[in-house]
Amino acid sequence: LQTAPTTGTTIDNVLVYNSTDKIVKSLPFSDFGDKNNIYSMGIVNSSSGLTNTSPYVVLVNHTLPVTIDLPASPINGIVFKIKDVSDAGAYTNNVTIGRNGKLIDKQACNALINTDSGAMELIYNSTLGSWFSLSFIN
């Protein structure tokens, strides 16, 4: 280290090298966001369209059937976790995940969460031109 650490005890930090000022610095894990299991999250109450800047985790708290449309022009590697958190439940009020013109698991069909507390995680691959399910709880 080029500089002495401050006195006391610091936990959950990471040492990083700053190539601009040529100093090793200690940064808290909270500075690393999604890379530290701290995810952006949003609550949706009705049918909505996602964009490339939408939260990573989408909690669907609904009283009627809803459709959550995936982005029309997704960026390569974008991932969404969509979770039913409604008291009304997805068994009665399905959550449709609209493909918005893209494929889901190479199929031209929407995805469906139709059990209470169901969830789906999807990643987009531009080379293969499809969303792919990474996990599915239904």
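# Reading a predicted all-strand chain

Student: Let's begin with one residue. What is the relative accessible area of Ser117?

Tutor: Ser117 has a relative accessible area of 42%, so it counts as partly exposed. Keep in mind that you're looking at a predicted model. As for its place in the chain, Ser117 sits in the loop between strand 10 and strand 11.

Student: What is the sign of phi at Ser117?

Tutor: Start with the general idea: most residues other than glycine have a negative phi. Now the case here: Ser117 isn't a glycine, and yet its phi is positive, about 65°. Lys22 is another non-glycine residue with a positive phi, about 60°. You'll find Lys22 in the loop between strand 1 (13-18) and strand 2 (23-28). With a relative accessible area of 44%, Lys22 is partly exposed.

Student: Okay, let me zoom out. How many helices and strands are in the protein chain?

Tutor: The protein chain has 0 helices and 12 strands. If you read along the sequence, you just meet β again and again: β-β-β-β-β-β-β-β-β-β-β-β. Of the 138 residues, 28% are buried. Another thing to look at is how far apart in sequence the touching residues are. Among contacts with a separation of 6 or more, 46% are between residues 24 or more positions apart.

Student: How do I read a single strand? Which side chains of strand 3 are buried?

Tutor: Follow the side chains one by one and ask which face they point to. In strand 3 (residues 41-44) they alternate. Gly42 and Val44 point to one face and are buried, while Met41 and Ile43 point to the other face and are not buried.

Student: Which strand does strand 3 pair with, and in what sense?

Tutor: Strand 3 pairs with strand 5 (residues 57-60) in the parallel sense, over 4 bridges. To see it in the structure, find Val44: its bridge partner in strand 5 is Val60.

Student: And a whole sheet? What is the order of strands in the open sheet of 4 strands?

Tutor: Read across the sheet, rather than along the chain. The order is 4-6-8-10, and the pairing is mixed. Strand 4 and strand 10 stand at the edges with a single partner strand each, so one side of each has no neighbour in the sheet. Strand 6 and strand 8 run parallel and are joined by 4 bridges. Across that pair, Ile68 stands opposite Ile97 in strand 8.

Student: Where do the nonpolar side chains go? Which residues touch the most other members of the largest nonpolar core?

Tutor: In general, nonpolar side chains in soluble globular proteins tend to be buried together. The largest nonpolar core here has 20 residues, and Leu70, Ile82, Val95, Ile97 and Trp131 touch the most other members. Elements giving two or more residues to this core include strand 6 (66-69), strand 7 (79-84) and strand 8 (95-98). Strand 11 gives the largest share, 3 residues. Try clicking on Leu70: beyond its sequence neighbours within four places, its contacts include Ile82, Ile97, Leu122 and Trp131.

Student: Now a charged residue. What is the nearest side chain of opposite charge to Glu121?

Tutor: That's Lys81, 4.1 Å away. A salt bridge needs the charged atoms within 4 Å. Glu121 is buried but has no salt bridge. It does have a polar partner, though: the side chains of Glu121 and Tyr56 make a polar contact of 3.0 Å. Glu121 belongs to strand 11 (residues 119-125). Outside its close sequence neighbours, Glu121 also touches Val79, Phe80 and Phe132, among others.

Student: Last one: how do loop residues look? Is Ser54 buried or exposed? And is Pro65 buried or exposed?

Tutor: Check each loop residue on its own. Ser54 lies in the loop between strand 4 (48-49) and strand 5, and at 18% relative accessible area Ser54 is buried. A polar atom of the Ser54 side chain lies 2.8 Å from the backbone nitrogen of Thr51. Pro65 is in the loop between strand 5 and strand 6, and its relative accessibility of 53% makes it exposed. Leaving out residues up to four places away in sequence, Pro65 touches Asn93 and Asn94. The C-alpha atoms of Pro65 and Tyr91 are 9.6 Å apart, with their positions 26 residues apart along the chain.

Notes:
Residues are numbered from 1 along each chain as its sequence is written. This is a predicted model: local features need pLDDT of at least 70, side-chain atom pairs count only at pLDDT 80 or more; totals for chains, interfaces and linings use all residues. Side-chain values use heavy atoms; hydrogens and water are left out. Buried means under 20% relative accessible area, exposed over 50%, partly exposed in between (1.4 Å probe, protein chains only). Two strands pair if DSSP finds at least two bridges between them. Lys and Arg count as positive and Asp and Glu as negative; His and the chain ends are not counted. A polar contact is a pair of N or O atoms within 3.5 Å; within protein, one must be able to donate a hydrogen and the other to accept it, and residues adjacent in sequence count only if both atoms are side-chain atoms. Contact means heavy atoms within 4.5 Å. A nonpolar core is a set of buried Ala, Val, Leu, Ile, Met, Phe, Trp, Tyr and Cys residues joined through side-chain atoms within 4.5 Å.
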